[in-house]
Amino acid sequence: MSYFLAFAGIAALVILHEFGHFIVAKWTGMRVERFSLFFPPLLVRKKIGETEYAIGAIPAGGYVKITGMNPEEDLPPNVAPRAYYNQPVWKRVVVILAGPAMNLLVAFFILFGLAFGAQKVTAVVEKVRPGTPAAAALKPADRILSVDGRHGDPADYQKRIAAHKCAGKQTNGCQAAVPATLEVRRNGQTLPVRVRPRYNAADQRMEIGFFYGTRPLNPSVPSAAGTAGTFMWDVTKATLGVFGRIFQAKERKQVGSIVGGYEVTRQSFSQDLRRALTLLAFLSLSLAILNLFPFLPLDGGHVFWSLVEKVRGKRVPYRVIEQASVLGIMLVLTLFFIGVTNDIERLSGGGFNTR
């Protein structure tokens, strides 16, 4: 079932992206020749009115074919007035931006809905794993007040615990050279607790072995919208940061492809529905961000050349656009190659670690 749900989820993101282009092109009066999920060769096609609806054999995206995307295309007189390049610049920009805008809306509404069932992590110990360093030091219902003398939230405490290192090489089960000092509230009393974190190779970090408790977030509508917006902004900054440092080997390792996106989504559906939906929101947002890069054949490239035409006051020669698009094609192919290479390494190595 997880295989089908992952496929359906990613296909839905593609369909909705293309539907954004499609519906706004129709609304602005442009002639849409084809709406296709996936790329040719076409397996299924059905013409309704002037538009053909199709499903391709290569599951790597989709497209909407609008008449006159090539300004040098020879069109019959009854069709030419509705061609893409014969429309005002504002119409073209709106049609192109409708695809990424749809992905932004999808991401927002998924995250907005998830916010109402979200749990807030508290600094209270809910469960202690037997056989771990925490088993001899902490008890359920203990409230963590500080770690190594620093106050903060559970995420801060986790980072401070993880910052401890083993005396030698970090190997599975090795203990930290310096113990972590926790201040806890237990039965109304404040107690100092010293515990040596242990390295967990599966999680690739130092841990002491307990789980935090949670409580319902119960947000208001504005608060849920703010939570969704904050998540989207954080993901946008992180994504742009990766691409801004793409020449650094460490950053390149973070780039993935549709292969990894599908596998991580599939694993998430098999583990937790909320996690899977959050991941789909992340993928939808990433699809919007990537498509806004100002290089053809990406949506941002079409917007860029439309704005250049507006500034120049006349149409840009199509040969110039074609020559410039080589850069965009090389960029897309390079990112695809890096992403697929990284995903193959993950699949053949330790996996994607979605837990």
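This is a short walk through the structure, one selection at a time. Keep in mind that you're looking at a predicted model.

**Stop 1: the start of the chain**

Select Met1, Phe4 and Leu5. Together they make a nonpolar patch on the surface, with about 350 Å² of accessible area between them. Zoom in on phenylalanine 4, which sits in helix H1, residues 2-27. Its relative accessible area is 54%, so phenylalanine 4 counts as exposed.

**Stop 2: an aromatic cluster**

Next, pick Phe19, Phe22, Phe35 and Tyr53 and show their rings: these residues form one aromatic cluster.

**Stop 3: salt bridges around arginine 31**

There are eleven salt bridges in the structure. Start with arginine 31. One partner is glutamate 33, with the closest N and O atoms 3.7 Å apart. Another is glutamate 50, at 4.0 Å from N to O. Glutamate 50 is in the loop between strand E1 (32-48) and strand E2 (51-66), while arginine 31 is in the loop between H1 and E1, so this pair ties together parts 19 residues apart in sequence. On the surface scale, glutamate 50 comes out as partly exposed, at 25% relative accessibility.

Now widen the selection to Lys26, Arg31, Glu33, Glu50, Lys65 and Arg82, and you have a network linked by salt bridges.

**Stop 4: a long-range salt bridge**

Jump to arginine 92 and glutamate 309, whose side chains meet in a salt bridge at 2.8 Å, N to O. Which helices does the pair link? Arginine 92 belongs to helix H2 (residues 89-115) and glutamate 309 to helix H8 (residues 299-312), distant parts of the chain that are 217 residues apart. Hide the surface for this one: arginine 92 is buried, at 1% relative accessibility, and glutamate 309 is buried too, with a relative accessible area of 12%.

**Stop 5: the disulfide**

The structure has one disulfide. Select cysteine 166 and cysteine 174 and you'll find them joined, with 1.9 Å from S to S. Check the dihedral while you're there: 80 degrees about the S-S bond, making the link right-handed. Are its cysteines buried or exposed? Cysteine 166 is buried at 8% relative accessibility, and cysteine 174 is buried with a relative accessible area of 14%.

**Stop 6: two edge-to-face pairs**

How many aromatic pairs does a search of the whole structure find? The count is eleven. For one of them, select phenylalanine 112 and phenylalanine 116: the ring centres are 5.2 Å apart and the planes sit at 85 degrees, so the pair is edge-to-face. Phenylalanine 116 is partly exposed, with a relative accessible area of 39%.

Then try phenylalanine 304 and tryptophan 305, another edge-to-face pair, at 5.1 Å centre to centre and 80 degrees between the planes. Colour by accessibility and the partners fall into separate classes: phenylalanine 304 is partly exposed at 37%, whereas tryptophan 305 is buried at 15%.

**Stop 7: helix H7**

Finish with residues 273-291, which make up helix H7. This helix has 19 residues and reaches 27 Å from its first C-alpha to its last, close to the 27 Å expected at 1.5 Å a residue. Colour the buried residues of H7, including Ala276, Leu279, Leu280, Ser284, Ala288 and Asn291. While you look down the axis, recall that an α-helix has 3.6 residues a turn, so residues three or four places apart point the same way.

Conventions
Residues numbered from 1 in each chain as written. Predicted model: local features only at pLDDT ≥ 70, side-chain atom pairs only at ≥ 80, totals over all residues. Heavy atoms only, no water. Patch = residues over 30% accessible without salt bridge, like charges linked within 9 Å, V, L, I, M, F, W, Y side chains within 5 Å. Areas by Shrake-Rupley, 256 points an atom, 1.4 Å probe, with all protein chains shown as cover. Helix = DSSP H or I, 4+ residues; strand = E, 2+ residues; numbered from the N terminus. Buried < 20%, exposed > 50% of the residue type's maximum accessible area, 1.4 Å probe, protein only. Expected span 1.5 Å × (residues − 1). Disulfide = S-S within 2.5 Å. Phe/Tyr/Trp six-rings, centres within 6.5 Å; stacked < 30°, edge-to-face > 60°.
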